[in-house]
Every structure is written in structure tokens, then in C-alpha cells.
Amino acid sequence: GGHAPAASPGEVKLFVGNLPLDITQEALRDMFLPFGNLLEAFLFKRGTDTAKGAFVRFSTMESAQQAISALNGMEMPAGQRMIVQFARNSGPSAPPAAAPAQP
């Protein structure tokens with residue numbers, strides 16, 4: 001197989017944006033844990049002081065898609081809407097059903 005070494009095949013990385021400034025790494029984990037096998041939840045401070053961002057990694061695409069549909073656009077206490085999407089270089093470039101299985 002010739003897959004990129006960056007992520008193992010069963011790993012999906014999501015970008016999370018517009019998080020409240022007072023959110024903790026623990027709270028972030030708790031938010032995403034219900035959707036499946038959470039490998040990592042990493043909080044980072046953006047250049048702005050209005051919101052925080054994060055990356056989370058799931059072991060399956062299914063879990064990632066459930067997290068996106070449940071949390072993307074969810075209203076936060078400050079009124080902003082949370083962003084949850086596939087991180088760049090992650091996730092399917094085409095719908096899984098349309099992609100033929102590689103030999």
C-alpha cells in the first residue's frame with residue numbers, strides 16, 4: 001500500500017473551532033468521548049483572544065462523523081457556534097461509497 005505515513009489508516013483528525021475561552025482539555029475530552037474511541041484531544045490557543053481551537057482524533061471515521069453531526073454548529077454559552085470539521089489532510093476526499101476499494 002502507498003498511504004501517507006502522517007496518520008494510520010484507521011485514524012481521523014478533526015478540527016474544532018469557536019470554543020469558549022474557559023474550556024479545559026478535560027471538558028474538551030468529555031465533549032467528544034461519547035462518540036467513540038477518542039485517541040487524542042488537543043487544545044490550542046489561537047492568535048485571537050475571542051475563541052480557542054482544538055484538534056481531536058478518533059480511531060474510526062464513523063465516530064468522527066457522529067461527532068461532526070452532533071456538535072458542529074452547536075451554540076456555545078457566549079453565543080458563538082462551535083465548528084467541527086475534518087482537519088486538512090484528513091478524512092475522505094470522496095464519499096466512501098464512491099471510492100472503489102484499492103487492491
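In this predicted model, strands β1 and β3 pair in the antiparallel sense, and six bridges connect them. Within this arrangement, Val-12 stands opposite Phe-58 in β3. Strand β3 also pairs with β2: the two run antiparallel and are joined by seven bridges. Here Lys-45 stands opposite Lys-52 in β3. Strand β3 thus has pairings with β1 and with β2. Five of the seven residues of β3 are buried, so this strand is largely enclosed by the rest of the structure.

The side chains add a further set of contacts. Side chains of opposite charge can pair when their charged atoms come close. The model contains three salt bridges, and Arg-57 takes part in a network of such contacts with Glu-11 and Glu-40.

Consider first the contact between Arg-57 and Glu-11. These residues form a salt bridge in which the closest N and O atoms lie 2.5 Å apart. Arg-57 belongs to strand β3 (residues 52-58), whereas Glu-11 lies in the segment before β1 (12-19); the pair is 46 residues apart and links distant parts of the chain. Arg-57 has a relative accessibility of 21% and therefore counts as partly exposed, because the buried class requires a value under 20%. Glu-11, at 23% relative accessibility, is likewise classed as partly exposed.

The other contact of Arg-57 in the network is with Glu-40. The closest N and O atoms of this salt bridge are 2.8 Å apart. Glu-40 is part of strand β2 (residues 38-45) and Arg-57 part of strand β3, so that distant parts of the chain, 17 residues apart, are again linked. The relative accessibility of Glu-40 is 33%, and this residue therefore also counts as partly exposed.

Taken together, these contacts join Glu-11, Glu-40 and Arg-57 in a network of salt bridges. Strands β2 and β3, which run antiparallel and share seven bridges, are thus also linked through the side chains of Glu-40 and Arg-57. From Arg-57 in β3, the network further reaches Glu-11 in the segment before β1.

One salt bridge remains to be described. Arg-81 forms a salt bridge with Glu-75, and the closest N and O atoms of this pair are 3.2 Å apart.

Key
Residues numbered from 1 in each chain as written. Predicted model: local features only at pLDDT ≥ 70, side-chain atom pairs only at ≥ 80, totals over all residues. Heavy atoms only, no water. Salt bridge = Lys/Arg side-chain N within 4 Å of Asp/Glu carboxyl O. Helix = DSSP H or I, 4+ residues; strand = E, 2+ residues; numbered from the N terminus. Buried < 20%, exposed > 50% of the residue type's maximum accessible area, 1.4 Å probe, protein only. Pairing = 2+ DSSP bridges.
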